[in-house]
Amino acid sequence: MTRIHLSDLKKAGGAFKLYCFQAELNHIGLYSPRNGNALMDVCLEAAYIRSRAIVKGSWKVSLEGDCSRCLDPVTFGLESNIYEEFRHLGESGEPQDYVAVPGEDEDQFVFSGEMLELSEYLRQSFIMSEPLKILCREDCRGLCTVCGKNKNKVSCSCDEAVIDPRWAQLQKIR
Ligand SMILES: [Zn+2]
Ligand SMILES: [Zn+2]
């Protein structure tokens, strides 16, 4: 459940209400063969104030990936804060996903209908917080460029000085 009923918020009369739920990644549009079934833990407070749904809280999820240096499987956590104001366009109309429209200085989320659907917001928040690089540990030594062994696990005696084959010929001449 990634939806908030506005009627609940209106009943609260501007006070924040707590919502905690889990969302499967593929249910919020994050398709991944490996992590699609991972559950995003979301806890947020929401209030309806002057035609705006204000949402604040955080989410976290545990994911599987491959270390970008040694290619070993890694489990890592991802989390982010949530803070957004969704401008409500009106009561009428079918419930629909909100869309981001270019505002004066930044994109703003707007929605119509009696339901605030958060999956698109969560999807974007997830993408923003994805790491550029996954490492099994900060000082991962990676794979040997010569024999391909995992240098965290074995020490090989390869000479990893990168020698271009053309230069190697010249070295022989010298
Ligand atoms: Zn590694
Ligand atoms: Zn080696």
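## Isoleucine 4

Isoleucine 4 is buried in this predicted model. The call rests on a neighbour count: 22 other C-beta atoms lie within 10 Å, and burial requires 20 or more. The residue sits in strand S1, which covers residues 3-5.

Its contacts reach well along the sequence. Leucine 116 is 112 residues away along the chain, yet the two C-alpha atoms are separated by 5.0 Å. Beyond its neighbours within four places in sequence, isoleucine 4 is in contact with Leu9, Tyr19, Ala46, Leu116 and Leu118.

## Chain layout

The chain holds three helices and eight strands. Read from the N terminus, the order is β-α-β-β-β-β-β-β-β-α-α.

Of the 174 residues, 17% count as buried. Take the contacts between residues at least 6 apart in sequence: 47% of them join residues at least 24 apart. The pair of isoleucine 4 and leucine 116, 112 residues apart, shows such a separation along the chain.

## The nonpolar core

How many residues does the largest nonpolar core have? The count is 23. Those with the most contacts inside this core are Met40, Val42, Ala46, Ala53, Phe86, Leu116 and Leu122. Four elements each supply at least two residues: strand S3 (39-49), strand S4 (52-66), strand S7 (107-111) and helix H2 (119-129). S3 gives the most, with five residues.

Ala46 and Leu116 are also contacts of isoleucine 4. Leucine 122 has its own set. Neighbours within four places aside, leucine 122 is in contact with Thr2, Ala23, Ile28, Met40, Val42 and Trp59. Met40 and Val42 are themselves among the core residues with the most contacts.

## The S4-S5 hairpin

S4 pairs with strand S5 (residues 73-88). The sense is antiparallel, and the pairing runs over 15 bridges. One bridge partner can be named: lysine 56 is matched with tyrosine 83 in S5. In a regular strand, side chains alternate between the two faces of the sheet.

Six residues lie between the strands of this hairpin. Leucine 71 is in that loop. Its phi is positive, about 70°, although the residue is not a glycine. Is leucine 71 buried, exposed or partly exposed? It counts as partly exposed, because 13 C-beta neighbours fall inside 10 Å.

## Serine 51

A positive phi also appears at serine 51, with a value near 60° in a residue other than glycine. Serine 51 lies in the loop between S3 and S4. It has 10 C-beta neighbours inside 10 Å, so it counts as exposed. The limit for that class is 12 or fewer.

## Cysteine 136

Where does cysteine 136 lie? Its place is the loop between H2 and helix H3 (165-173). The residue is nevertheless buried, because 21 other C-beta atoms lie within 10 Å.

Cysteine 136 touches Cys67, Cys70, Asp72 and Val74, not counting residues up to four places away in sequence. Arginine 69 is 67 residues away along the chain, and its C-alpha atom is separated from that of cysteine 136 by 8.3 Å. Val74 belongs to S5, which spans residues 73-88. Cysteine 136 thus touches a residue of that strand.

Definitions and conventions
Residues numbered from 1 in each chain as written. Chains lettered and ligands numbered in written order. Predicted model: local features only at pLDDT ≥ 70, side-chain atom pairs only at ≥ 80, totals over all residues. Contact = placed C-beta atoms within 7 Å. Core = buried A, V, L, I, M, F, W, Y, C linked by C-beta atoms within 7 Å. Pairing = 2+ DSSP bridges.
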